[in-house]
Every structure is written in C-alpha cells, then in structure tokens.
Protein chains: 4
Amino acid sequence: MPITSPVRLQAVEAPDQPDVTPALEDLYRGLEQELLVPLWTEIGDLMPAHPRSRGVPHVWRWDSLYRLAAQAGDLVPVGRGGERRAIALANPGLGGRPFATPTLWAAIQFLMPGEDAPEHRHTQHAFRFVVEGEGVWTVVGGDPVPMRRGDFLPQAGWNWHAHHNAASEPMAWIDGLDIPFQYVTEAPFFEFGRDQISDAERSTPERSRSERLWGHPGLRPLSVGEVAPGSPLLAYKWEFTDRALADQLALEAEGYPGPVEPGHAAVRYTNPHDGRDVLPTIRAEFHRVVRGVETAPVRETGSSVYQVFDGSGTVTVGETTWSVTRGDLFVVPSWQPFSVHSEAGTTDSDSGALDLFRFTDAPVFEALRLDRQEVAR
Amino acid sequence: MPITSPVRLQAVEAPDQPDVTPALEDLYRGLEQELLVPLWTEIGDLMPAHPRSRGVPHVWRWDSLYRLAAQAGDLVPVGRGGERRAIALANPGLGGRPFATPTLWAAIQFLMPGEDAPEHRHTQHAFRFVVEGEGVWTVVGGDPVPMRRGDFLPQAGWNWHAHHNAASEPMAWIDGLDIPFQYVTEAPFFEFGRDQISDAERSTPERSRSERLWGHPGLRPLSVGEVAPGSPLLAYKWEFTDRALADQLALEAEGYPGPVEPGHAAVRYTNPHDGRDVLPTIRAEFHRVVRGVETAPVRETGSSVYQVFDGSGTVTVGETTWSVTRGDLFVVPSWQPFSVHSEAGTTDSDSGALDLFRFTDAPVFEALRLDRQEVAR
Amino acid sequence: MPITSPVRLQAVEAPDQPDVTPALEDLYRGLEQELLVPLWTEIGDLMPAHPRSRGVPHVWRWDSLYRLAAQAGDLVPVGRGGERRAIALANPGLGGRPFATPTLWAAIQFLMPGEDAPEHRHTQHAFRFVVEGEGVWTVVGGDPVPMRRGDFLPQAGWNWHAHHNAASEPMAWIDGLDIPFQYVTEAPFFEFGRDQISDAERSTPERSRSERLWGHPGLRPLSVGEVAPGSPLLAYKWEFTDRALADQLALEAEGYPGPVEPGHAAVRYTNPHDGRDVLPTIRAEFHRVVRGVETAPVRETGSSVYQVFDGSGTVTVGETTWSVTRGDLFVVPSWQPFSVHSEAGTTDSDSGALDLFRFTDAPVFEALRLDRQEVAR
Amino acid sequence: MPITSPVRLQAVEAPDQPDVTPALEDLYRGLEQELLVPLWTEIGDLMPAHPRSRGVPHVWRWDSLYRLAAQAGDLVPVGRGGERRAIALANPGLGGRPFATPTLWAAIQFLMPGEDAPEHRHTQHAFRFVVEGEGVWTVVGGDPVPMRRGDFLPQAGWNWHAHHNAASEPMAWIDGLDIPFQYVTEAPFFEFGRDQISDAERSTPERSRSERLWGHPGLRPLSVGEVAPGSPLLAYKWEFTDRALADQLALEAEGYPGPVEPGHAAVRYTNPHDGRDVLPTIRAEFHRVVRGVETAPVRETGSSVYQVFDGSGTVTVGETTWSVTRGDLFVVPSWQPFSVHSEAGTTDSDSGALDLFRFTDAPVFEALRLDRQEVAR
C-alpha cells in the first residue's frame with residue numbers, strides 16, 4: 001500500500017492480561033456487578049493505533065437499487081407516519097442498521113407521478129442529489145425547488161419540507177443525512193408539518209426563490225441579516241458544477257493550476273453566506289476524473305459515500321476494487337485508502353470522464369480537530 | 001414534569017405499516033439481500049420527536065468504586081500494553097460497553113505508591129479530576145503537574161503523558177475522555193511513548209510549568225505563538241475554583257448578579273488562549289448548590305457525568321431520584337431533565353454546600369449547531 | 001429630519017473654561033513647552049455627541065471628470081514613477097488632500113489605446129469599477145482580467161498588478177482604495193514590479209483565470225488551500241449583478257421578500273472563500289432604485305462614495321440635495337443621513353431605474369465594533 | 001541598522017514630473033477648480049516604500065508631567081463639560097494635536113483628595129494604568145474598581161464611568177484611549193451620565209465585582225451569556241502581572257521556555273471571555289527586561305506608547321536614544337525599530353529590572369490584515 005503513516009504506530013492489539021487467579025476472578029465479578037469495565041481488557045479495541053472501521057467498503061448497484069425502489073413504488077404508499085418512500089444503504093459491518101457509515105445515511109427516495117411526500121422537519125441535516133430524471137419539486141419553507149439530473153439540494157436541519165412529483169413519470173433520487181450521527185449522539189428532534197402543501201407551493205418554477213436570492217456568484221442580498229446554520233442556497237444546479245469542473249480541466253490544459261492533481265478536477269459545495277460547508281455535519285463535493293487517469297490514494301479520518309454520476313472505471317477502497325458505472329453507490333470507511341481509475345476512452349475523440357458525487361462527515365472532524373489526511377503523491 | 005417543550009412534538013412512535021402481502025414480503029427479501037433497509041419501518045426509532053436516550057440515568061457509589069480500584073491495585077500491575085489501571089463506568093443501557101454515555105468515558109484510575117503509568121499519547125481528549133488524595137504527578141510533554149483534591153487537569157489529544165505516584169499512599173482519581181465518541185466516529189490514533197520518564201520528570205513541583213506560563217488571570221505569555229487545540233493550562237487548582245464560587249455567592253448576598261440562579265453558583269473551565277471550552281469535545285464545569293436549595297430542572301441535548309465533590313443531597317434525573325454524597329458519580333442522559341436538591345444544614349451555622357463537578361459533550365453539540373436547552377424557571 | 005437618535009445626546013460643544021488668571025496662563029505655557037495639551041479645552045472637538053464629519057457632502061460630475069482625464073491622456077505620460085494616470089477626488093473639507101473621505105480614495109484612471117500602466121504592488125486594498133467603455137485588461141498576478149461596463153474588480157493589497165489597453169479607444173474607470181486610511185494609520189508598503197508584462201499576459205480572454213476557478217455560485221475549487229486576505233475572485237461581471245438585482249425586484253413583484261425596502265434592490269459583493277467583504281477595509285455594494293421610489297434615510301458611522309451607474313434622480317446627503325445622472329460621483333460622510341429619489345419615468349412603459357455603485361469603509365468599523373446605523377422607516 | 005526588510009523596497013520618493021507647459025498648467029488649474037488631485041504628483045507621499053511616520057519618537061518626563069498635572073490640580077476644577085483633569089501628550093510631528101501617535105491618546109489624569117470626575121460614556125475605548133499612588137476608584141457601570149500602583153484597568157467603549165478620590169492625597173494615573181483613531185475615522189459618540197454617583201458607588205472595596213466574577217484564572221461564570229466588546233474584567237492587578245513575569249524569568253533560569261528572548265519576559269493583557277486583546281482597538285502589554293540585557297530591535301506596523309514602570313535604562317527608537325526612568329513616557333512610531341537596554345546593576349545582588357508598560361494599536365492592524373513585523377535576532 002503506497003500510504004505510510006507519518007507517525008510511529010505501535011499500539012496494542014491484544015495486551016497481555018494478568019494471570020487469572022481466584023482473586024482476579026473475584027475482582028472481575030465485583031466489577032461486573034457494579035457496572036464497571038477495566039480498561040486493560042478493552043484498550044486494544046477502544047484505542048487502536050489508527051482508526052479501524054467497523055463499517056466496511058461496499059458497493060450498491062444502481063440497477064438493483066432503482067428496481068427495488070420502483071417495486072416499492074408499486075407496493076408501499078407514501079404518507080404521514082412512514083413519511084418517505086426511502087430505502088437506505090445498510091453497511092454490512094454495522095449490524096444491519098440502515099447506516100451507510102457510522103455517521104451517514106444514504107438512501108434512494110422514489111416518488112410516483114402526482115405523489116406527495118408530506119411536510120415535516122427534523123434536526124437531521126439533509127440533502128438530495130439527482131443522478132437521473134426530473135419532475136419533482138422539493139418545497140422548503142414554502143419555496144419550490146426543482147430537481148433535475150446533476151442538481152444538489154442541501155437542506156439544513158429544522159426546515160419544513162415536502163416533495164411533490166409534478167411529472168408523468170416516477171422519479172428517484174439520493175437522500176443523504178446525518179441520521180446515524182444524531183442517533184448515536186442522541187440529538188434528534190422531529191415534527192410533523194401540514195399534511196398538504198398549498199396550491200402556490202405546487203408551482204413548478206425553473207428556479208427556486210433561494211436561487212434567485214443567493215445563486216449569483218460572489219453576491220449576497222443586502223436584505224438578509226442573520227442566516228440560520230446551513231446554506232441559504234437550496235439548489236446547486238448541474239450547469240454550474242459541470243462548468244466549474246470543465247474550467248479547471250481547461251486551465252490545466254493551458255498550463256495553469258486548477259485541478260487537485262493531473263486530470264482530476266474537483267469542487268466543494270459551499271454556503272455562500274460564509275464559504276464553509278453547506279451543512280454543519282456534511283461536506284459535499286463533485287469530482288471529475290479524466291479518462292485513463294488514476295488518482296493518488298488518499299486516506300482520511302471520517303467516512304464518505306460516493307455515487308457515480310457518469311462514466312465508468314474502477315475504484316479501490318482499502319484492499320477492495322470494484323468496477324463502477326452510472327448510479328452505483330459505494331462507501332469509503334474511515335482511514336481506508338481510496339483511489340479511482342477512470343476507464344480509458346475507446347477512441348481518441350471520446351472525451352467522457354468519470355464523474356463522482358461525494359459526501360462525507362468531514363465537518364464533524366474538522367470542527368472537533370480530529371481531521372487527519374494522508375495523500376500518496 | 002415542569003419542563004414543556006416549546007415545539008409541538010408529535011412524531012411517530014410506530015407508524016402504520018403497509019399490509020403484508022406476498023409481493024411486499026418479496027420486496028423485503030429483495031431489500032435484505034441487497035443490504036437495504038426501508039425508512040418506513042425504522043423511522044420511529046431513528047427520528048423520534050425528541051432525543052430518546054439509550055443511555056439511562058445511573059449512579060455509581062464512590063465507596064464501591066474505590067474499594068474495587070484498590071483491589072485492582074493489589075492484583076493488576078500497571079504497565080505497557082494495559083497502560084493504565086483504570087476502571088470505567090458502563091452505562092446499563094449501552095450494552096455492557098465501558099461507556100458512561102454514548103460519547104463519554106468516565107473511569108477511576110488508581111496508582112500504588114511509587115508506581116508509574118507509562119508514557120503514551122492518543123487523539124482522545126482527556127482530563128483528570130481529583131475528589132480525594134494527592135501525591136501523583138501527571139507528566140504532560142515533560143511537564144510534571146501535581147494532582148490534589150479539587151484540581152482539574154485537562155489534557156488535549158495527542159499530548160505525550162505519563163503518571164507517577166511520588167507518595168507513600170495509593171491515589172485514585174477520575175479520568176474523563178471522549179473514547180466512546182471517537183470510537184463511534186472512527187477517529188482514534190494511539191502511540192506508545194517512552195517506557196520510563198526521566199529523573200527530571202519525576203520532580204514534584206508545586207506548580208507545573210504550564211501554570212507558571214498560563215495560570216495568571218487575563219494574562220498570556222507573549223512568547224507563545226500558535227497554540228494547539230485544547231487548553232495550554234494543564235491544571236486548574238482547587239483554590240481558584242473554590243474562590244470563584246465563593247465570590248459568586250458573596251456577590252449574591254450583597255444583592256448583585258453572580259450565580260446562575262439563587263443559591264447556585266457555577267463556573268466553566270475555559271481555555272485561556274481563546275476563552276472556549278478546555279477540550280474540543282468536552283466541557284467541564286463546577287457547581288455549588290447552597291444548603292437547602294433546589295435547582296430548576298434543566299434538559300439539554302447531549303449527555304453529562306457528575307461527581308459529587310462535597311456535601312450531600314438528592315439529584316433527580318428524568319424520573320429517577322437518588323441520594324448522593326462525596327465521590328458518587330452519576331449520569332444525565334440527553335434531554336432528560338435534571339435537578340439537584342442540596343441537603344439542608346442541621347444547624348444554622350452549617351455553611352456547607354453540595355459541590356458538583358460536571359463534564360459533558362456540549363462542545364460537540366455547539367460546534368455542529370445541535371444544542372438545545374430548556375430550563376423550567 | 002426623520003432620523004432621531006436612540007440615545008440621549010447632550011455632549012459639550014464648547015465647555016466652560018476656567019477663568020484666565022496669570023497662574024493659568026503660566027500653566028498653559030508650561031504645557032505647551034512640554035508638548036502637552038489639556039483635554040478640557042479640546043473635548044468639544046475630540047469627543048462630540050455624535051460623529052461630526054470634516055469631510056463634507058460633495059458631488060463630482062462625470063463629464064468634467066472624463067474631460068479632464070482625457071486632457072491628461074494627451075498631456076501626461078503613464079510610466080514608472082508616476083505609475084498611473086489617476087486623478088483623485090479631493091473632499092473640500094479635507095484640506096486639499098486627494099481624499100474623497102477620511103478613509104477612502106476615489107479616482108478616475110485613464111488609459112490611451114495601446115498604453116500600459118507598469119506593474120507594482122502595495123498594501124493598499126484596491127478595486128476598479130467600470131461605468132463605461134471596455135478594452136482594458138488588468139493583469140493581477142499574471143492573470144489578465146477584462147474590464148467592461150458594470151464590472152467590479154477587487155484587488156486585495158500586495159498583489160502584483162498592471163493594466164494594458166488592448167483596444168483602439170481610450171478607456172476610463174474608477175479606482176477605489178484605502179489610501180487615506182493607510183496613510184493616516186501609517187501602514188503602507190509599496191514595491192515596483194516588472195516594467196513590462198509578458199506577451200502571454202497581454203492576451204485578452206473573456207474570463208480571467210480567477211473567474212474560472214472561483215466564479216461559480218456556491219462552488220469552490222478543492223485545489224486551493226489557504227487563501228490570502230481579500231477575495232480570490234478578481235472580477236464580478238455585470239451580467240450577474242444585473243440579474244441578481246432584477247431577481248430581487250421580480251421576487252418583490254410576486255409578493256416575496258427580496259429587496260431591502262420597497263422598490264430598492266441591493267447586493268453586496270462578497271469574498272466566495274468566506275462570504276465576507278471583498279476587501280479587508282472596503283465594502284462594495286450595488287443598489288437599484290425603481291423609478292419614482294424614494295429610499296428611507298439612513299445614517300451610519302463611516303463614509304461612502306457612490307457612483308451613478310445608470311438612470312437619474314436626486315440624492316440627499318445631510319442637508320444637501322443634488323440631481324445626479326450617469327457617472328456622477330458623490331460622497332456621504334460619517335453619520336450624515338442619506339436618501340435617494342429615483343426619477344419617475346416619463347411613460348408607463350419606461351422601466352429604467354436609478355442604479356448606484358457604492359463603496360464604504362464599513363469593514364473597518366465592523367471589525368473594531370464601531371459600527372452604528374439608524375434607518376428612518 | 002540591524003533590521004533589513006525581507007521585501008525589495010524601491011518605491012518613488014519624488015517621481016519625475018511631466019514638463020510644465022501652458023497646456024499642463026491649464027490642466028492643473030482645471031483639476032483644482034473641480035476639486036481633483038493627480039496621483040502622479042502625490043504618490044511619493046501617499047504610497048511610500050514603507051511606512052514613514054509623521055509621528056516622531058519623543059519622550060515625556062514623569063516629573064514634568066506630574067508637576068504640571070499637580071499645578072492643574074490647584075487651578076482647574078473638575079466638572080461637567082471639561083469632564084476630566086487630563087493632560088495629553090502631543091506628538092511634535094502631529095501638528096500640535098493632543099495625539100501621542102496618529103491613533104493613540106495618552107494623558108496623565110489628576111484627581112485631588114475628595115474630588116469626583118462626573119459620569120459619562122463614549123465609544124472611545126479606554127484604559128487606566130497606575131505608575132504610582134492609590135486612593136481613586138473608577139466606577140464602571142456602578143462597579144467601584146480600585147486603582148493602585150501597577151494596576152491596569154481596561155474599559156471598553158460605551159460603558160458609563162466616573163472616578164472618585166477617596167483618599168487624603170492627590171492621585172495621578174495614565175489614561176490611554178483611541179481618541180485620535182476615532183477622530184480621524186469619524187466614529188465617536190459621547191453622552192453625559194449622572195452628575196453624582198450614589199453613596200453605594202462611593203464604597204472602596206478591595207476588589208471590584210468584575211474581578212470577583214472574571215478574575216479567576218481559566219474560569220468563567222456560567223451566569224454570563226453574551227459579552228459586550230472588550231474585556232469584562234475591569235482590573236488586572238499588579239500582583240498577578242508581577243508574578244507572571246517573575247515566573248517566566250524563573251522558568252528561563254531553570255532552562256525552560258518562557259520569556260520572548262533571553263532576559264526579556266512579557267505578557268499581554270487579554271480578555272478572559274475570548275482570549276483576545278482587552279480592547280477592540282488597543283493592545284496592552286507589560287515587559288520586564290533584566291538588568292544589563294539589551295533587547296533585539298523590532299519594528300512593526302502601528303504605533304506604541306510606553307511608560308517606564310520601574311528601573312532605568314536606555315531605549316532606542318529609530319535613530320534616537322534616551323535614558324529613561326520611572327514614569328517616563330515615550331512613543332514608538334510605525335515601522336521604527338525599537339530596542340531597550342536595561343541598566344546594569346551596581347552590585348551583584350541588585351535584582352531590579354527595567355519594567356515597561358506598553359500599549360499599541362496592533363488590534364486595528366491585525367483585524368484589517370495590515371500587520372507586519374521584523375525582528376533582528
């Protein structure tokens with residue numbers, strides 16, 4: 001493996017234990033009775049030399065995901081109580097819980113033509129990302145936000161929101177939330193909203209009001225004072241993401257800085273109010289890897305979920321390698337090295353690339369000063 | 001219960017489920033095969049109306065704790081591998097893990113006369129608090145820090161540290177760390193240091209070098225530039241904490257503001273470099289409740305561990321009430337109302353009070369904008 | 001005047017002075033000899049009830065400015081030493097110094113076809129704003145940035161920069177800097193760069209490299225780590241500013257929030273890296289006042305310079321009112337009430353508006369907690 | 001001079017001017033009529049290669065200052081209007097204005113036994129420093145704060161304050177304010193308070209209430225939420241400053257880090273709420289230079305005022321050197337190199353040192369990213 005740690009790692013895997021005597025057995029019984037546990041028997045698991053993820057690398061295929069979600073579209077109604085027709089990735093290392101990683105939730109959500117998902121709000125920070133289709137509007141605080149292929153819609157905690165499918169086709173998309181993190185830390189609140197949104201909220205504008213206020217590069221409305229946590233910009237449209245990535249690669253071609261490494265352009269979605277991450281607990285990025293390019297292995301504290309947006313190639317997570325193609329989702333656990341190899345084009349004129357959407361819990365690690373990163377360059 | 005939520009809470013406990021048909025059973029089988037889990041079956045657990053703690057209120061008695069730790073002192077050597085003779089509180093709601101709360105570790109550590117605990121470092125943020133005894137010095141980055149009743153010693157992650165007992169008596173104290181939080185988020189690194197500290201590090205100064213540089217109120221050394229995460233002040237001596245609390249109560253007696261509520265003085269330990277919490281993930285406070293006073297119930301997101309430092313009284317956590325006295329440790333889970341009733345004095349001249357040391361994961365919640373609090377006043 | 005202060009203002013204008021006796025005269029002589037000045041004779045000037053600006057309201061007409069700049073174009077060469085063919089507004093209250101306000105410099109700069117202004121850098125923070133014309137590129141750190149009507153180009157201190165006119169017509173624009181502020185506080189550094197920029201730097205791209213990296217709404221390049229003070233986005237193109245203002249007015253027409261007050265849209269230019277002001281000492285804004293609308297009088301600590309970008313109307317500063325039209329520049333001194341009355345359209349279909357570019361020293365006041373504002377609404 | 005700039009400084013002193021022709025004279029007349037000034041005639045003054053201070057190095061002797069202040073005590077009453085019996089240093093380079101530097105005011109204030117200075121408030125940030133004497137209490141927001149030799153009392157803008165001399169002797173002290181800065185930027189507000197403070201406010205406690213709440217190292221009162229700009233701690237007592245400096249020198253003697261350079265200990269007064277400077281516009285420090293030690297020359301953007309608190313020696317500012325002793329005040333203008341030579345002791349057992357109090361406008365420079373420093377080490 002090309003990444004070696006800058007620190008001398010030599011912690012205990014299984015420390016020697018004191019000889020078991022009747023007196024020691026008596027002590028252990030006493031501890032158990034008093035709801036006490038010694039460090040010296042647990043330290044190897046609790047304080048490893050480096051993060052050892054229980055979450056494991058895994059890939060979920062888009063065709064299976066979509067097929068099952070469509071099946072649910074036929075069988076499972078959407079309504080108050082169940083709230084959303086969402087189906088979550090359950091990392092095989094996390095005991096069957098619907099947790100893609102120890103901190104992140106990733107699900108496919110599916111809405112039939114004409115269907116509504118009722119209004120509610122929760123402290124869990126959320127976003128939508130659209131790998132295909134269109135026709136659904138998410139109504140956030142009364143503002144209808146269109147959803148189309150390539151669009152990213154962050155939605156910070158405690159905002160009222162509903163979805164409605166205004167089209168004649170079903171539509172699926174990806175939901176990302178910090179449900180596992182808030183579950184584990186025991187933070188969540190949830191509240192029902194109105195069962196039906198108003199007719200005005202069923203309108204289908206090209207741009208949301210949030211985009212009209214906040215979607216102009218480097219400009220903020222003077223009328224807005226204090227801004228709640230999370231981005232006030234509710235949609236990051238594909239055309240801008242695509243153009244930003246193309247610009248980086250064009251700069252590289254002209255001999256200027258731009259991409260993060262040769263043939264690998266990347267942007268972070270940011271809050272225009274403060275330039276920071278779009279959500280307090282979730283970072284979102286988009287990566288474009290030019291055909292034939294292999295990225296440098298990176299490992300970081302914290303976990304990521306990726307979705308292939310376009311192109312195909314192979315990805316390596318720890319010691320696992322998969323071929324991936326449009327819509328596939330996979331998980332990179334904490335401190336596992338990750339690299340991407342974009343498939344070479346079949347002809348010289350084939351200008352496609354491997355496009356990857358990514359979200360991570362990096363803001364948690366950075367806010368608490370727990371972030372570490374190693375790059376094998 | 002005197003606390004009522006300002007928000008209308010009405011989320012699902014157990015949402016209605018679609019009728020089980022062969023087709024639905026087929027769908028559920030398909031989901032299981034593909035490592036997928038629907039939201040509509042899990043939402044009641046994952047997205048409750050308000051935090052429902054798995055961690056439960058519980059009290060650990062100091063005499064039992066100390067007795068078992070002393071027993072371990074006789075039976076279990078301290079050394080490389082096991083690292084520390086520490087015995088952790090295991091919240092009965094958390095599956096037998098040595099986790100006082102979902103995010104916090106609390107343990108009694110015990111060192112026999114002349115014993116050393118070997119040097120190591122870890123990313124877990126830690127502190128010591130001393131409810132009784134003296135004679136141990138914690139050596140942090142080569143700086144010997146004395147430990148005596150009432151002293152609080154924060155120690156941010158990745159600092160080398162060792163302990164040595166320079167006295168002729170055993171000594172016990174409390175360790176607090178964010179081990180569960182870093183375990184769950186998969187953040188931890190650990191490294192062994194030297195097996196033996198130097199003779200100079202075995203010295204037993206009255207004040208650590210960190211106190212001599214950083215322990216003067218409102219003054220910082222000009223010689224120190226960038227400061228690492230966590231407090232550069234390695235000891236908060238009892239005399240200052242005691243005096244600050246006495247000052248608040250005296251101000252109250254003179255008719256001026258000071259305490260948080262009548263008869264309830266409190267201080268937060270802060271980082272003199274930036275005025276923020278002493279550790280990135282842990283807040284520490286000291287509370288003094290005058291005899292006969294009952295505090296207003298408070299509930300907050302996030303969990304706390306308390307230790308009674310002096311006095312006695314009753315504490316109520318959720319629907320549980322205990323009598324507590326010196327050394328007792330107890331847990332307040334997320335969003336459970338908490339109040340204290342300090343025992344009335346037996347004579348008019350009895351000026352004792354109920355003194356409580358507290359630590360919490362509040363910095364995590366505040367950094368990620370997940371903090372909520374309700375006070376019944 | 002419709003603005004009344006929320007505070008009871010009653011400070012001394014000319015405090016009573018002690019009777020002049022020979023002893024007092026002797027004291028005053030002694031003070032003078034020792035380079036000392038008593039407070040009691042100066043307090044009325046130094047510590048007024050509210051800011052009393054020495055800078056006065058004044059308007060400079062674009063036709064005169066342009067005519068004189070063009071005359072200088074014929075007579076005064078541009079080159080090393082003089083550095084720039086820039087002509088600065090000299091507020092009549094500021095003793096003939098080229099200071100538009102006590103903190104801000106505003107000048108017209110003029111470049112003949114084919115001319116270059118040589119490279120240099122300085123700690124003074126600067127920007128360009130273009131009210132008419134095109135054809136000049138400002139080369140900042142080797143990156144050619146086009147300049148066209150409506151474009152705003154911030155340029156933080158200590159960046160190398162040059163200008164070259166690639167067109168067959170002269171071009172004029174406005175320079176804004178914090179020269180007076182840095183002069184008064186004795187902060188400035190200055191250094192010559194190359195006498196000639198390279199051929200590559202003489203290219204005339206549609207977009208600068210900075211725009212290609214940083215000009216996408218809500219997206220930042222992952223490749224850029226630490227960012228120097230001031231915006232990394234070197235041009236804010238007119239099309240985005242215009243659209244943002246139009247969007248606010250359209251939102252208002254649809255019944256939604258958007259403008260700062262009825263018929264008055266406004267944006268602030270911000271640093272996409274942190275959402276803060278584009279320059280550490282200078283704020284820049286653009287205001288659009290719909291025909292026939294009169295804005296609420298506002299007064300603030302700190303001073304502003306405005307340029308009319310389009311339309312016409314009257315502006316009132318303190319007790320002075322002027323008619324203004326395209327290109328006119330005027331000054332609003334500290335704490336003087338300011339309002340705008342956009343000229344009514346002559347026909348119903350006349351949809352023009354009064355468009356105003358503004359820059360101020362507000363970031364200085366906010367950073368030092370000296371900002372106050374009153375609005376008469 | 002031992003300091004050389006890291007940047008190649010080569011700006012214009014007096015740039016070549018275009019030949020004076022009738023046409024050019026006509027242009028200059030036109031500019032003057034229109035209140036315009038060309039850059040090319042002014043650039044040498046406005047944009048120098050490095051800061052060239054108009055303020056000059058100067059020393060004021062304590063015996064003269066005190067003598068004149070005492071004379072004023074006999075001749076000039078203190079009361080409403082004149083407000084304070086304060087006599088300010090007037091830098092000879094600043095046109096006779098009572099400005100010690102372009103941004104800082106420094107004055108001796110004098111109060112006769114039993115005298116009061118009436119209550120007022122102003123936006124100017126202020127502090128008191130006591131080089132000798134005692135007996136005056138400053139009443140800030142109703143809180144009487146004692147003043148004694150060595151005490152430093154910050155007082156952020158817009159706090160009500162009065163002084164009363166409760167002793168049988170006159171007392172003098174130093175006032176520092178940002179009057180020149182707020183004068184130049186046109187920021188100040190001022191308001192009269194009560195003519196007489198209450199009897200309770202005439203009490204003479206050993207410690208102010210602010211010290212009892214905020215004066216404990218690393219501890220903050222839980223009862224205080226939002227804190228206004230500037231330090232909530234209203235007095236920094238000499239005993240703590242003295243001990244912090246002694247600790248640094250003792251650490252050095254033991255072979256550990258502590259002082260800023262050999263034999264030169266220094267502390268910064270900080271706001272315990274956020275660890276930052278005590279006032280938004282003013283930094284305050286205390287320096288102790290051991291007998292016989294010469295400090296490394298330093299130059300910085302921004303200006304300082306020093307007062308000798310104890311000891312004697314020589315100080316060098318730019319090309320000027322003075323002998324100084326207790327109470328003497330002197331000025332270090334922007335970017336002028338400064339060093340101190342503490343007088344050697346006459347006997348081996350003479351352990352005195354040169355103690356210097358310092359205040360500067362550094363927070364202004366740092367907030368606006370204009371700070372630069374060079375040290376000749």
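User: What makes chain B and chain D count as being in contact, and how many residues take part?

Analyst: The contact takes 39 residues from chain B and 39 residues from chain D. They count because contact means heavy atoms within 4.5 Å. This is a predicted model, in which local features need pLDDT of at least 70, side-chain atom pairs count only at pLDDT 80 or more, and totals for chains, interfaces and linings use all residues, while side-chain values use heavy atoms, without hydrogens and water. Residues are numbered from 1 along each chain as its sequence is written, and chains are lettered from A and ligands numbered from 1 in the order in which they are written.

User: What is the area buried between chain B and chain D, and why is it called buried?

Analyst: About 3,600 Å², 61% of it on carbon and sulfur atoms. It is called buried because it is accessible area (1.4 Å probe) that two parts lose on being put together, summed over both. B:R212, B:P217 and B:L222 supply 20% of chain B's share, more than any other three residues.

User: Why is the link between B:D247 and D:R207 called a salt bridge?

Analyst: The rule asks for a side-chain nitrogen of Lys or Arg within 4 Å of a carboxyl oxygen of Asp or Glu. Here the closest N and O atoms are 2.7 Å apart, so the pair qualifies. The count between these two chains is 4 salt bridges.

User: Why do β14(B) and β13 of chain D count as paired strands?

Analyst: Strands (E, at least two residues) and helices (H or I, at least four) are DSSP runs, numbered from the N terminus. Two strands pair if DSSP finds at least two bridges between them. Here 3 bridges join β14(B) to β13 of chain D (residues 219-221), so they pair; they run antiparallel. B:V267 stands opposite D:P221.

User: How many residues of chain D and chain C are in contact, and what area do these chains bury?

Analyst: 98 residues of chain D touch 98 residues of chain C. The buried area is about 8,300 Å², with 69% from carbon and sulfur atoms. D:L46, D:E186 and D:F189 supply 9% of the area chain D buries there, more than any other three residues.

User: How do you know that C:D45 and D:R97 form a salt bridge?

Analyst: Their N to O distance is 3.0 Å. That meets the cut-off, so the name fits. Across this interface the rule finds 6 salt bridges.

User: What makes β3 of chain C and β1 of chain D a pair?

Analyst: 3 bridges join β3 (residues 86-89) of chain C to β1 (residues 36-38) of chain D, and the two run antiparallel. The rule for pairing is met, so they pair. C:L89 has D:L36 as its bridge partner.

User: What are the domains of chain A, and how do you know their bounds?

Analyst: Domain 1 is 58-197 + 205-214, and domain 2 is 238-375. The bounds come from an automatic or database domain assignment. The domain centres, taken over C-alpha atoms, are 22 Å apart. The contact takes 34 residues from domain 1 and 32 residues from domain 2.

User: Why is the link between A:R149 and A:D310 called a salt bridge?

Analyst: The closest N and O atoms are 3.2 Å apart. This satisfies the rule, so the link earns the name. Across the interface of the two domains there are 2 salt bridges. The domains of chain A bury about 2,700 Å² between them, of which carbon and sulfur atoms give 72%. A:R149 returns here: with A:L104 and A:F152, this residue supplies 21% of the area that domain 1 buries against domain 2, more than any other three residues.
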